[in-house]
Amino acid sequence: MASDILIVDDEEDIRELVAGILEDEGHGTRLAGNADDALKLVGERRPSLVFLDIWLQGSRIDGLALLDEIKKAHADLPVVMISGHGNIETAVSAIKRGAYDYIEKPFKADRLLLLAERALEASSLRRTVKELKIRSGDTDFLVGSSSVLTHLRAAVERVAPTNSRILISGPSGSGKEVVARTIHAKSGRAKGPFIVVNAATITPERMETTLFGVEDTDGSVKQVGALEEAHGGTLYLDEIGDMPRETQNRVLRVLVEQAFTRVGGTRRVQVDVRLISSTARDLEQEIADGRFREDLFHRLSVVPIRVPGLSERREDIPELVTHFMDQISQAGGLPLRQIGDDAMAVLQAHDWPGNLRQLRNNIERLLILARGDAETAISADMLPSEVGAMLPMLPTSTGGEHLMALPLRDAREIFEREYLIAQINRFGGNISRTAEFVGMERSALHRKLKSLGIA
Ligand SMILES: Nc1ncnc2c1ncn2[C@@H]1O[C@H](COP(=O)(O)OP(=O)(O)OP(=O)(O)O)[C@@H](O)[C@H]1O
């Protein structure tokens with residue numbers, strides 16, 4: 001069945017007519033003659049589209065009120081209003097209240113089918129975009145409440161509405177692209193495109209065609225470049241430090257002249273683009289070494305923004321872990337898991353050289369590979385072995401809590417017990433020799449062993 005379309009109209013003839021036309025094209029239909037029947041059918045199974053009469057005579061509520069009810073529970077469900085001749089104004093107000101479109105009676109079969117197809121397609125596209133956004137992690141805004149992140153967020157709010165060029169610096173995987181996307185989303189260009197060019201992954205030969213596009217000898221456009229694509233929006237130049245010198249010259253010229261020519265072309269292309277660039281390298285050093293043009297640096301870095309590495313904002317880790325788990329479980333249909341206190345302590349103490357990207361990858365791996373059923377909390381010993389490998393561990397793991405989850409007094413006690421047992425064993429149970437080696441009085445060692453429960 002192509003789709004499940006609900007037709008709501010108080011006139012039986014209209015219901016049958018609409019259903020007949022749609023069924024002939026292979027659509028599935030369900031029919032309701034009043035608002036309550038319609039709500040019941042929507043409740044039984046969410047339809048893929050609703051045709052809804054505006055007046056709906058003889059019902060508890062009219063078509064517009066029913067539209068509100070349906071939208072309250074299913075904001076994304078497309079609804080096409082059926083309007084009588086002469087009440088276009090009402091139909092327009094229905095669109096303002098969330099209807100997809102309207103069709104006026106009497107209508108032609110072709111128009112009805114076209115509208116149905118279009119409404120279904122728009123709704124499926126919206127769903128796909130939503131899924132893709134979740135999958136690509138594009139839905140994140142700056143997660144975290146640490147003071148460094150609060151400062152970053154404030155800087156983003158300040159610069160977003162201006163049109164100034166921004167250079168974002170920060171270690172790899174720290175969230176530079178997310179910051180750039182957030183700036184774009186909060187700017188006056190939000191409805192325009194956000195185009196990404198990663199200088200680190202594009203060969204020097206392809207750099208110019210990627211940015212400027214290509215024109216054929218007859219003047220026709222063979223390839224549209226990123227600058228042109230970003231017209232009215234933002235161009236994000238990732239890893240700007242990797243851009244070849246010749247391209248740097250051309251980019252500088254574009255910034256000065258606000259126009260460029262396509263590769264192989266002669267026509268001037270005028271664009272209105274906001275440039276945000278990023279670097280994980282120390283560009284000042286690149287300039288000192290003669291690899292990056294200083295004048296370009298100053299033009300790109302009108303407002304510099306620094307994104308801190310994860311080790312500078314460890315207190316955000318629990319919030320980020322929850323955020324990534326929600327995101328990954330929504331995108332991949334994996335069950336959510338609880339993270340035990342000891343596992344969280346290890347995640348928070350671990351050094352994350354790959355920053356947020358590495359943390360996210362580990363959470364994904366954890367959700368896929370973690371043992372035990374979905375109800376059991378993930379404990380420290382279930383973490384990937386390299387996570388926390390540099391942290392102090394229990395000398396003999398008894399499957400209990402990770403040392404990092406214990407207060408100092410308990411951790412010290414565990415250490416002392418394990419250490420002294422090992423030393424006594426080493427000296428064949430000889431307390432005097434052990435005491436001498438560990439630097440304690442024999443009697444003090446005896447008291448210690450007793451208090452630790454070592455016979
Ligand atoms: N503040 C944040 N809140 C939530 N998720 C974030 C945040 N910052 C980054 N992420 C996520 O972390 C991952 C890495 O982020 P991003 O790609 O923006 O880093 P980057 O610094 O641009 O990396 P690279 O240096 O490799 O270009 C992505 O999955 C992104 O969705």
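A residue is taken as exposed if 12 or fewer other C-beta atoms lie within 10 Å of its own, and as buried if 20 or more do. By that yardstick, in this predicted model, 33% of the 455 residues of the protein count as buried. The secondary structure comes to 18 helices and 14 strands. Among contacts with a separation of 6 or more, 69% are between residues 24 or more positions apart.

Helix H8, residues 204-212, is a handy place to see the two classes side by side. Its buried residues are Met207, Glu208, Thr210, Leu211 and Phe212. These residues sit on the same side of H8, because the arc they cover around the axis is only 165°. Turn to the other side of H8 and there are Glu205 and Arg206, both exposed. As for what lies over the buried residues of H8, the cover includes strand S7 (194-198) and strand S8 (213-215), along with helix H9 (226-229), helix H10 (245-257) and strand S11 (259-261). Just after H8 comes Gly213, with a positive phi of about 80°.

Next, the nonpolar cores. In soluble globular proteins, nonpolar side chains tend to be buried together. Here the largest nonpolar core has 36 residues, and Ile168, Leu227 and Leu235 are the ones with the most contacts inside it. Leaving aside residues up to four places away in sequence, Leu235 touches Ile195, Val197, Ala226, Leu227, Ala230, Val273 and Leu275. There is also a second, separate core, this one of 29 residues, with Ile7, Leu49, Val79 and Met81 among them.

Further along the chain, helix H13 (residues 317-332) packs against helix H15. Two packed helices are described by the angle between their axes and the distance between the axes. For H13 and H15 (residues 355-369), the axes come within 10 Å and cross at roughly 55°. That angle makes H13 oblique to H15, and the crossing is right-handed. On the H13 side, the residues involved are Leu320, Val321, Phe324, Met325, Ile328 and Ser329; they meet Leu356, Leu359, Arg360, Ile363, Glu364 and Leu367 of H15.

One more residue of H13 deserves a word: Ala331. With 17 other C-beta atoms within 10 Å, Ala331 is partly exposed, because that count falls between the limits of 12 and 20. Ala331 and Leu132 are 199 residues apart in sequence, yet their C-alpha atoms are 8.4 Å apart in space.

Definitions and conventions:
Residues are numbered from 1 along each chain as its sequence is written. This is a predicted model: local features need pLDDT of at least 70, side-chain atom pairs count only at pLDDT 80 or more; totals for chains, interfaces and linings use all residues. A nonpolar core is a set of buried Ala, Val, Leu, Ile, Met, Phe, Trp, Tyr and Cys residues joined through C-beta atoms within 7 Å. Two residues are in contact if their C-beta atoms, placed from the backbone, lie within 7 Å. Helices (H or I, at least four residues) and strands (E, at least two) are DSSP runs, numbered from the N terminus. The arc is that of the directions from the helix axis to the C-beta atoms. Axes are lines fitted to C-alpha atoms, for helices over the stretch in contact, and angles run from 0 to 180 degrees between N-to-C directions. Angles under 35 degrees count as roughly parallel, over 145 as roughly antiparallel, 65 to 115 as roughly perpendicular and the rest as oblique. A crossing is left-handed if the near helix is turned anticlockwise from the far one by less than a right angle, and right-handed if clockwise.
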